[in-house]
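Reader: I'd like a close look at one residue and its surroundings here. Could you walk me through where it sits and what is around it, then zoom out to the rest of the chain?

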Amino acid sequence: LQSFSSASTNATPANLHVGRGLKLEGKIESCDSLVIEGDVQATIESGTLTISETGEVRGDATVDQAEIQGRFDGTLVVRKCLTINATGRVTGTIRYGELKVEQGGRLTGQVEAAEAGAATGRISGPTPAASA
């Protein structure tokens, strides 16, 4: 295996891969990249979240970006881009910065776009409209 590192940092990326057939329960945090092919019931805080076609996630997740090919059920907050592929199924309370849904992908529940400035990781209630 070859290791790649950035010239500006010596830190190794924190990546987690939950393989097909594995079951995981608990809390997952401080991941740069999380890939789920198995069954996860957890509270998740990660940079990027990828749920493969065989992956199933139940719980709460707050991430920068997410790509859903499998199933997610719970509360999903995506600060940047949420991509739901054709095989993806997302159910629950969903907040996103940007949304991409391929034909065949499903999104069910309470869905709302994050307000500008939500990239800080905190999404608040409605703000007064700016006057033009």
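**Ser46 and its surroundings**

Author: Let's start with Ser46, which counts as buried because its relative accessibility is 5%, and the cut-off for buried is under 20%. Bear in mind that this is a predicted model.

Ser46 belongs to strand β3, which covers residues 39-51. Leaving aside residues up to four places away in sequence, Ser46 is in touch with Cys31, Asp32, Ser33, Leu34, Thr62, Val63, Asp64 and Arg79. One of these neighbours, Cys31, also comes up in a polar pairing: a polar atom of the Ser46 side chain lies 3.4 Å from the backbone oxygen of Cys31.

Now for the strands on either side. Strand β2 (residues 23-36) runs parallel to β3, and 11 bridges join the two. As one example of the register, Val35 stands opposite Thr50 in β3. Towards β4, the count is 12 bridges, and β3 and β4 run parallel as well. Here Ile51 is the residue to look at, as it stands opposite Ile68 in β4. One step further along, β4 (residues 56-68) and β5 (residues 71-84) are parallel too, joined by 11 bridges. Gly59 has Gly74 of β5 as its bridge partner.

Put that together and you get an open sheet of 7 strands, paired in parallel and ordered β1-β2-β3-β4-β5-β6-β7. At the edges are β1 (15-18) and β7 (106-113), each of which pairs on one side only. On average, neighbouring strands of the sheet are turned by 20 degrees against each other, ignoring direction.

Back in β3, what about the nonpolar residues? In a regular strand, side chains alternate between the two faces of the sheet. Nonpolar side chains tend to be buried together in soluble globular proteins. In this model the largest nonpolar core has 23 residues, and Ile44, Leu49 and Leu82 touch the most other members. At least two residues of this core come from each of β2, β3, β4, β5 and β6 (89-101). Leu49 is worth a closer look: with residues up to four places away in sequence left out, Leu49 touches Leu34, Ile36, Ala61, Val63, Gln65, Ala66 and Glu67. Leu34 and Val63 are also on the contact list of Ser46.

There's an oddity over in β2. Ser30, which has its place in that strand, has a phi near 65 degrees, a positive value in a residue other than glycine. Most residues other than glycine have a negative phi. Is Ser30 buried or exposed? Ser30 is exposed, because its relative accessible area is 59% and the cut-off for exposed is over 50%.

Zooming out, the chain has 7 strands and 0 helices, so going from the N terminus you simply read β-β-β-β-β-β-β. Of the 132 residues in the chain, 31% are buried. The chain exposes about 8200 Å², with carbon and sulfur atoms supplying 46% of that area. As for contacts, take those in the chain with a separation of 6 or more: residues 24 or more positions apart account for 4% of them.

Terms used. Residues numbered from 1 in each chain as written. Predicted model: local features only at pLDDT ≥ 70, side-chain atom pairs only at ≥ 80, totals over all residues. Heavy atoms only, no water. Helix = DSSP H or I, 4+ residues; strand = E, 2+ residues; numbered from the N terminus. Buried < 20%, exposed > 50% of the residue type's maximum accessible area, 1.4 Å probe, protein only. Polar contact = N/O pair within 3.5 Å; in protein donor to acceptor, adjacent residues only side chain to side chain. Contact = heavy atoms within 4.5 Å. Pairing = 2+ DSSP bridges. Axes fitted to C-alpha atoms, helices over the stretch in contact; angles between N-to-C directions. Core = buried A, V, L, I, M, F, W, Y, C linked by side-chain atoms within 4.5 Å. Areas by Shrake-Rupley, 256 points an atom, 1.4 Å probe, with all protein chains shown as cover.
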